[in-house]
There are 2 protein chains.
Amino acid sequence: MGLGGATMDERVPRDFETLRATILERRQSLPKRIAQIAAYALDNPDDIAFGTAASIAASAGVQPSTLIRFAQQLGFDGFTSLQQVFRERLRERNSSYDERLAALRAKAEEGAGHRAIFDGFVAAASTSLSDISRTLNEPHFEEAIALLAKAETIYVLAKRRSYPVASYIAYALGKLKIRNQLIESAAGLNAEMVGFATPNDAVIAISFSPYAPATIEETRAISEQGVPIVAITDSSFSPLAQFAKVWFEVAEADFAGFRSLSATMALAMALTVAVGEKRRDTGRKRKA
Amino acid sequence: MGLGGATMDERVPRDFETLRATILERRQSLPKRIAQIAAYALDNPDDIAFGTAASIAASAGVQPSTLIRFAQQLGFDGFTSLQQVFRERLRERNSSYDERLAALRAKAEEGAGHRAIFDGFVAAASTSLSDISRTLNEPHFEEAIALLAKAETIYVLAKRRSYPVASYIAYALGKLKIRNQLIESAAGLNAEMVGFATPNDAVIAISFSPYAPATIEETRAISEQGVPIVAITDSSFSPLAQFAKVWFEVAEADFAGFRSLSATMALAMALTVAVGEKRRDTGRKRKA
DNA sequence: TATGGATTGGAATTATTATTTCATATTGAC
DNA sequence: GTCAATATGAAATAATAATTCCAATCCATA
């Protein structure tokens, strides 16, 4: 009968690599038109992922029905399920880290030892880093540097989970001899501190969902004084974004309820050092 | 008329970045459900690329018709053409990812400006992470967890560049409802704070070369009171090591004179969460 | 609180797309 | 060269999905 290789015991390839291997293996024994579309599929996997049966068939120079027969020969029950494999491939390209992380999370939850927890945090950090290095908006980055480099005083504003980043920024700015003011919580003098800022200064504000109300409030207040703000936050919908002159969206993976700070840290340090460098350059030029 | 912004002169965004910018720009003025799907779209672009109108609408918690209205507000004539933009993005991303990465590397190596600084920090963080996940001493890790889990109060001790880590530990411990005391500098009350610690408590001390004298001094003092110490430091010759019951050697790469904290952070968070978990387990057993 | 306009939910409709079917062509064995 | 088995093309059909429409609801404004 015409179903070709779709016998019972045969495993249907569910990931792209297996599928690819299967196709290459059988290539010799495939009928002409089927082979034609097999070649096309391996050469243009993206087209298979997104096209319709008709459009793909046309591009490959065969009939839609042939495309379906091809899928069936491989053990799928139709074009649609074959297409899934090609789509999955595109997704995974971007999310292999995410999957690993998900696996680790599951492992940690079922109580698989403490090492799993550690691995989870390492994976969350790695994911966040590779993500930010892919998505960093360079024009924004340059703009932020320029903005901060000409500030008289840089105010650093963050609470709670973002606070460690702020404290490191403040430390680094101090080391680089850049005047700065860390606005922490506690003391209750924040309103006064914020009041001193002028449009000649600048702010780095950091906040992630759920956004600490104090951070938002202070950012709003300071932006109303005309002080330019660079925000580091986690979503385009963050309340910080609307107050900021420049803002960065940093997608930190979290693990066990705690956010990795690696990406934010890397960005914060890069900003800080770049500002230091830009100031040195400018200083040199002025003297010359 | 119901077409919303779909007036003649308006440009339909054809690439993802423009689309994204458009959405962000209008987000204030969008009706609730439309805004809901707008947020979903930016957060889950892959789902938009692959899903059907019905499946996406369900995931985002709206009706399919809302999804279409969303597309129309943006100037598309329907969901299908909106989806094209999301698909295009995936194609491009995948095809050019390797090239882009190679370009970035080249650029970073020839010292091209500020992006290179950023890449440097990311690289330092990644290196540190892969390093620590290779070299973590598991028996020490377990021992440290056991030691901290039975402490009444956990004191967290770090200054200067290590302080951000300490503050995150304190934050996390607080979240996990584990009694802790962060020993910062400034106030000058450290000696008194340290004086309260007993052998039933425990200390996490963090310090890297050049070791802050205050950290060393306080660690010494507290160890003389018989309080067990877990140290995170950078070398076997660290002065912290001699006072500690358990210590970890973390080799953080540095860049431009600033140490990456990623590996230390990951270790610190893993310790914290593992301690929290161990306590929950122990508590449960006691009750049973 | 009443009123008009905008927004939303849900079903009905239309369109698109996958799949099936069947007639025809091709291939290989005898 | 004939026959049977397999492969292919093209159109019909079935399934699925997008879109539209209308009633219900929400919201701002008078």
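1. A polar side-chain atom of Gln72(B) lies 3.4 Å from a phosphate oxygen of DNA strand D, and this pair counts as a polar contact, that is, a pair of N or O atoms within 3.5 Å, where within protein one atom must be able to donate a hydrogen and the other to accept it, and residues adjacent in sequence count only if both atoms are side-chain atoms. A polar backbone atom of Phe79(B) is 2.7 Å from a phosphate oxygen of DNA strand D, whereas the side chain of Arg69(B) places an N or O atom 3.4 Å from a base nitrogen of that strand.

2. Please keep in mind throughout that this is a predicted model, in which local features need pLDDT of at least 70 and side-chain atom pairs count only at pLDDT 80 or more, while totals for chains, interfaces and linings use all residues. Residues are numbered from 1 along each chain as its sequence is written, chains are lettered from A and ligands numbered from 1 in the order in which they are written, and side-chain values use heavy atoms, with hydrogens and water left out.

3. Which residues come nearest to DNA strand D? Among the 19 residues around this strand, they are Arg33(A), Gln63(A), Arg69(A), Ala53(B) and Phe79(B), where a residue is near a molecule or strand if one of its heavy atoms lies within 4 Å of it. Of the atoms of DNA strand D that come within 4 Å of the protein, 65% belong to sugar and phosphate. The largest share of the surface near DNA strand D comes from H5(B), with five residues; helices (H or I, at least four residues) and strands (E, at least two) are DSSP runs, numbered from the N terminus. By class, this surface has seven nonpolar, eight polar and four charged residues, with Ala, Val, Leu, Ile, Met, Phe, Trp, Tyr, Cys and Pro counted as nonpolar, Asp, Glu, Lys and Arg as charged, and the others, Gly among them, as polar.

4. DNA strand C is surrounded by 19 residues, and the closest are Ala53(A), Phe79(A), Arg33(B), Gln63(B) and Arg69(B). Here too sugar and phosphate account for 65% of the strand's atoms that come within 4 Å of the protein. The side chain of Gln63(B) has an N or O atom 2.6 Å from a phosphate oxygen of DNA strand C, and a backbone N or O atom of Lys32(B) lies 3.2 Å from a phosphate oxygen of the strand. A base oxygen of DNA strand C, in turn, is 3.5 Å from an N or O atom in the side chain of Arg69(A). The largest share of the surface near DNA strand C, five residues, is given by H5(A).

5. Turning to the protein chains, 57 residues of chain A are in contact with 60 residues of chain B, contact meaning heavy atoms within 4.5 Å. The area buried between chain A and chain B is about 5,700 Å², and carbon and sulfur atoms give 63% of it; buried area is the accessible area (1.4 Å probe) that two parts lose on being put together, summed over both. In chain A, Phe50(A), His114(A) and Phe258(A) lose the most area to chain B, together 13% of what that side buries.

6. How many salt bridges does the rule find across the interface of chain A and chain B? The number is three, a salt bridge being a side-chain nitrogen of Lys or Arg within 4 Å of a carboxyl oxygen of Asp or Glu. In one salt bridge, the side chains of Glu138(A) and Arg115(B) meet at 3.6 Å, N to O. Helix H7 (residues 113-135) of chain A gives the most to the side of chain A that touches chain B, with twelve residues.

7. Two backbone features of chain A deserve a check. Most residues other than glycine have a negative phi, and most peptide bonds are trans. Ser209(A) and Pro210(A), however, are joined by a cis peptide bond with omega about -5°, and Pro210(A) lies in the loop between strand E3 (202-206) and H11 of chain A. Arg160(A), which is not a glycine, has a positive phi near 50°.

8. Finally, the mean pLDDT of chain A is 84, and 84% of its residues reach 70 or more, pLDDT being the predictor's confidence in each residue, from 0 to 100. Over residues 1-9 of chain A the pLDDT is below 50.
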